[in-house]
Amino acid sequence: MRIEGHGFRVDLPTPWEGAVRTGEVSEALSRRAAATGRQVQTPPVLHLSTARLPAVRGDFGSGAVDLLTSADTFVAVVEYGADSLGTPLFDTGPLPRSLDPRRFQPNGLQRAIPGQSGFQHFCTENGRPLCLYVVLGAHHSARKLVRNVNDVLSRLQVASR
Amino acid sequence: MTHSTSFAQRAATRAGQLLTLAPDRGRRSFLRRAALVGTALAVNPFDFILRPQSAYASVCGPANECSQGWTAFCCTINGGANTCPDGSYVAGWWKVSSSAFCRGEDRYVIDCNREPDATCSCRCATGECDRRRVCCNNFRYGQCNQQVRGTTEVVCRIVICTPPWEWDDSCTTTVRTDERTRDHSASCLNGTNPTEIEVVYQDLGLVGSALGAPTSSEIDTADGGSWRTYDSGTISRSTTFGVAVLVGPAGLTYARLGGPDGVLGHVTGDPVDVAEGQVLPTQNGALYTTPLGDAHALTGPIDAEYSRRGGPAGWLGFPVTGMLDAPGGRQRVDFMAGWSLAHDPSTGEVRLLPDDVELADRPGVWPATAGVARWDGPTRVQTAVRVSTESLPDGATTAVLAASETFADALAGGVLAATRRAPVLLTSNGGLPAETAAELQRLGVSTVVLIGGPSAIPETVEAQVRDAVPDAQVSRLAGADRFATAAAVSAAITGPDEGAPTVYLVNGRAFPDALSASQAAGRGGAPLLLTETDLLPEATREELVRLAPQDVVVVGGTIAVSDAVAEEVRELTGAAVRRLLGPSRYDTAAAVVEEERPDGADAVLVATGEAFADAMTAGAASATVGAPLLLTATGSLPAVTRRAIEQLQPGLVVIVGGTAAVTDAVAQQLAAVPVEDHQPRG
């Protein structure tokens with residue numbers, strides 16, 4: 001299964017599924033920002049999961065992570081506006097393709113869910129500020145689940161914008 | 001009434017108890033933020049119907065227990081303040097679209113993450129129903145404060161309805177969304193369907209804002225607006241002008257005066273920073289927050305006249321009172337400059353008057369003032385011509401010509417002019433100005449006396465004078481230096497064989513005292529001699545011996561003429577030596593006038609004391625027209641000068657010089673000086 005869009009491309013092995021989307025904002029909000037010389041930015045988000053991706057889910061996976069079983073993982077690659085480029089938060093090198101299971105922590109989650117653990121990393125690849133966020137369905141299976149994640153990450157291509 | 005009102009009232013009760021915990025914020029940053037909020041939320045008629053929910057769910061929303069993994073709201077753990085607690089910072093945010101908590105606008109949840117150097121321990125909040133996690137989830141949204149590397153625990157969450165990039169400059173406009181958190185809330189936050197004022201107050205931080213805790217319920221106004229008071233200010237809402245947040249003295253004064261239902265009416269615009277203070281426009285006037293931090297409300301004709309005169313940026317400065325009742329059914333306001341504006345409703349007049357002058361009990365009766373005229377020209381040369389024209393409309397037999405750029409020679413020449421009913425005209429050393437030449441012709445002079453040597457008035461100029469008035473006798477009074485020139489002028493005044501009963505002595509290096517001295521000397525026909533501070537020049541010494549005066553008046557303090565010089569003069573001449581001085585050049589000028597004119601004057605001349613030229617030409621005119629000369633600062637009328645005018649009680653005050661020398665502000669003040677007896681203000 002190939003997921004491609006907004007400069008992301010990844011060939012997913014079974015049973016992964018994925019989606020790329022951009023955010024939506026109201027015209028009123030866009031106008032309001034424009035009135036102060038700014039532009040609302042809704043860069044894309046890539047979601048990958050071995051579980052089902054619900055239609056309504058947060059950019060960092062709320063709603064999706066609720067569906068993870070102990071054998072599942074969720075990956076979000078969240079892009080930021082170009083004004084984040086070069087800032088200390090994002091100036092850490094390219095998106096990592098090989099994660100260390102020891103860096104996953106039960107408290108490393110947006111929302112702590114019993115049994116799960118997470119890892120978050122801000123980075124820049126091909127001029128695109130990104131945040132990699134990975135949730136493991138079972139922290140006790142981190143070694144095995146992270147292998148799967150690393151396999152998917154190795155397939156991920158991030159084109160320059 | 002909806003649930004939202006009851007929630008707000010509960011928050012108010014708690015806020016009152018927790019006020020002392022509210023962090024102190026800078027007023028300016030707060031006001032800047034408040035202005036943004038007020039603008040953004042000006043009008044939003046969106047309304048929502050509450051969805052049926054359980055009691056707790058309707059307050060705190062789903063997943064409100066610690067075990068359910070979400071982070072608590074800051075107001076739950078931060079004394080009711082919707083602000084980041086100490087040791088945390090704004091780290092990122094997400095949006096929930098079209099939220100009932102924000103009157104149908106987007107709602108924003110802000111993460112306050114632990115500062116990298118701070119410590120905190122993971123725990124559960126103990127809110128009424130918000131028992132979510134505190135400082136547990138190591139996670140970051142990342143749109144704010146991107147100068148901070150890495151990720152730390154989320155301490156708590158703030159909720160606002162203002163786009164975060166407007167709320168905090170460090171946040172970018174990258175929008176991230178999580179609609180599944182739509183119903184997350186806490187009992188210390190607004191409920192659904194809040195009023196606009198409740199939204200603004202929450203965005204400002206609730207009790208953590210500079211407003212502090214609420215002190216009233218929201219009050220509806222007759223025109224469909226509303227307002228609410230707080231410990232340190234007011235929020236008001238108008239259907240026409242939007243929401244305004246008034247913090248500090250302005251907000252408290254606004255509330256004390258009845259808010260939008262009071263004399264000021266609604267706030268009509270954003271506050272404007274002026275002269276270290278602030279002006280907030282209202283329907284019927286304005287609120288002025290002074291640099292001293294107090295606030296005063298001005299309304300109606302007085303405020304309009306104040307604005308016309310430049311408001312706080314004008315010479316009046318900020319008001320130091322609000323609208324005060326005054327005798328005769330009038331109102332008045334005092335200003336920092338020491339002046340008042342008073343309004344008489346019986347005539348509609350607004351007048352300026354000194355703040356220490358009381359009004360009469362009868363309406364329509366004001367203190368009498370002098371008329372004010374100005375003798376000026378575009379340059380000092382042309383001002384001298386104007387003074388000559390005005391003071392000697394029928395011409396003169398003699399004119400004194402002095403250099404326009406150096407005062408020393410010219411001052412002595414002013415005395416000579418005064419004794420001969422002659423004007424002082426000015427020339428540059430580059431050539432005789434056409435205006436001066438024309439004035440010499442108009443005057444029909446038979447004698448022109450040039451004061452100073454060729455370095456001050458070149459021979460080419462002397463030749464031009466001869467060409468301009470070929471029938472006149474042109475002579476020059478000069479010495480080797482300014483002291484010798486003054487001595488030569490002295491000899492010309494008295495004649496070479498005559499002494500003088502009185503001689504004035506001033507410092508020859510600075511003009512302020514000399515301005516007053518030349519006037520006094522000129523009016524008395526007494527010579528004016530110059531000296532160094534600590535050394536009596538030989539030319540002056542010789543002239544003093546020749547004049548053999550009985551009285552020598554030293555004008556100025558010992559900084560100008562030392563006691564040693566005064567004593568030397570006394571020993572040299574045997575004269576009685578006395579000083580004429582005041583704390584300033586203005587006091588000295590007033591002292592001279594007071595000594596000479598104890599019975600008042602029909603007219604008074606006023607020139608700047610900050611430059612010599614106008615006062616010098618005015619000094620000669622003073623003797624000619626019989627009007628004493630007083631000095632003023634360029635931008636404001638010194639109190640001593642004002643008092644001198646009050647005592648002289650003239651019918652006319654003539655300003656000598658243009659607005660660069662004597663500003664229009666001084667002209668306004670001169671026109672408002674009482675010139676008849678009046679009651680001092682208690």
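# Exercises on chain B

The buried residues of helix H7 (residues 249–256) of chain B pack against six strands of that chain: E7 (226–230), E8 (233–238), E9 (242–247), E11 (277–282), E12 (285–289) and E13 (295–299). The model is predicted.

**Exercise 1.** Work out how far H7(B) is enclosed by the rest of the structure.

*Solution.* Start with the residues. Pro249(B), Ala250(B), Gly251(B), Thr253(B), Tyr254(B) and Ala255(B) are buried. A residue is buried if 20 or more other C-beta atoms lie within 10 Å of its own. Now compare with the helix length. Six of the eight residues of H7(B) are buried, so the helix is largely enclosed. Then look past the helix end. Gly258(B) follows H7(B), with a positive phi near 100°.

**Exercise 2.** Place Gly508(B) in chain B and decide whether this residue is buried or exposed.

*Solution.* First, the location. Gly508(B) sits in the loop between strand E23 (502–507) and helix H14 (512–524). Next, the count. Gly508(B) has 25 other C-beta atoms within 10 Å, so it is buried. Then, the partners. Beyond four places in sequence, Gly508(B) contacts Ala408(B), Arg482(B), Phe483(B), Leu530(B), Thr531(B) and Glu532(B). Take one of these, Glu532(B). Glu532(B) is 24 residues from Gly508(B) in sequence, yet the C-alpha atoms are 6.1 Å apart.

**Exercise 3.** Classify the packing of H14(B) on helix H17 (residues 585–596) of chain B.

*Solution.* Take the geometry first. The axes are 8 Å apart, at an angle of about 15°. Angles under 35 degrees count as roughly parallel. H14(B) is therefore roughly parallel to H17(B). The crossing is right-handed.

Now list the residues that meet.

- From H14(B): Pro512(B), Asp513(B), Leu515(B), Ser516(B), Gln519(B), Ala520(B) and Arg523(B).
- From H17(B): Arg585(B), Thr588(B), Ala589(B), Val592(B) and Glu596(B).

Sort them by class. The contact of H14(B) with H17(B) has five nonpolar, three polar and four charged residues.

**Exercise 4.** Do likewise for helix H15 (residues 538–547) and H16(B), and follow Val569(B).

*Solution.* The axes of H15(B) and H16(B) come within 9 Å and cross at roughly 40°. The two helices are therefore oblique to each other. Their crossing is right-handed. Arg541(B), Leu544(B) and Val545(B) in H15(B) meet Val569(B), Leu572(B) and Thr573(B) in H16(B). By class, that contact has four nonpolar, one polar and one charged residues.

Now follow Val569(B), found in H16(B), residues 563–573. Val569(B) counts as buried because it has 24 C-beta neighbours inside 10 Å. Leaving out residues up to four places away in sequence, Val569(B) touches Leu505(B), Leu536(B), Leu544(B), Val552(B) and Val577(B). For a distant pair, take Gln147(B): it is 422 residues from Val569(B) along the chain, and 76 Å separates their C-alpha atoms.

**Exercise 5.** Describe the contact between chains B and A, then the confidence of the model.

*Solution.* Count by chain. The contact takes 29 residues from chain B and 36 residues from chain A. On the chain B side, these are nine nonpolar, 12 polar and eight charged. Turn to the scores. The model has ipTM 0.97 and pTM 0.78. Chain B averages a pLDDT of 89, and 91% of its residues score at least 70. Check the N-terminal stretch separately. Over residues 1–54 of chain B, pLDDT stays under 50, though the model has 98 contacts there beyond four places in sequence. Where pLDDT is low, predicted coordinates should not be read in detail.

Notes:
Residues numbered from 1 in each chain as written. Chains lettered and ligands numbered in written order. Predicted model: local features only at pLDDT ≥ 70, side-chain atom pairs only at ≥ 80, totals over all residues. Helix = DSSP H or I, 4+ residues; strand = E, 2+ residues; numbered from the N terminus. Buried ≥ 20, exposed ≤ 12 C-beta atoms within 10 Å, placed from the backbone. Contact = placed C-beta atoms within 7 Å. Nonpolar A, V, L, I, M, F, W, Y, C, P; charged D, E, K, R; others polar. Axes fitted to C-alpha atoms, helices over the stretch in contact; angles between N-to-C directions. Parallel < 35°, antiparallel > 145°, perpendicular 65-115°, else oblique. Left-handed = near helix turned anticlockwise from the far one by under 90°. pLDDT = per-residue confidence, 0-100.
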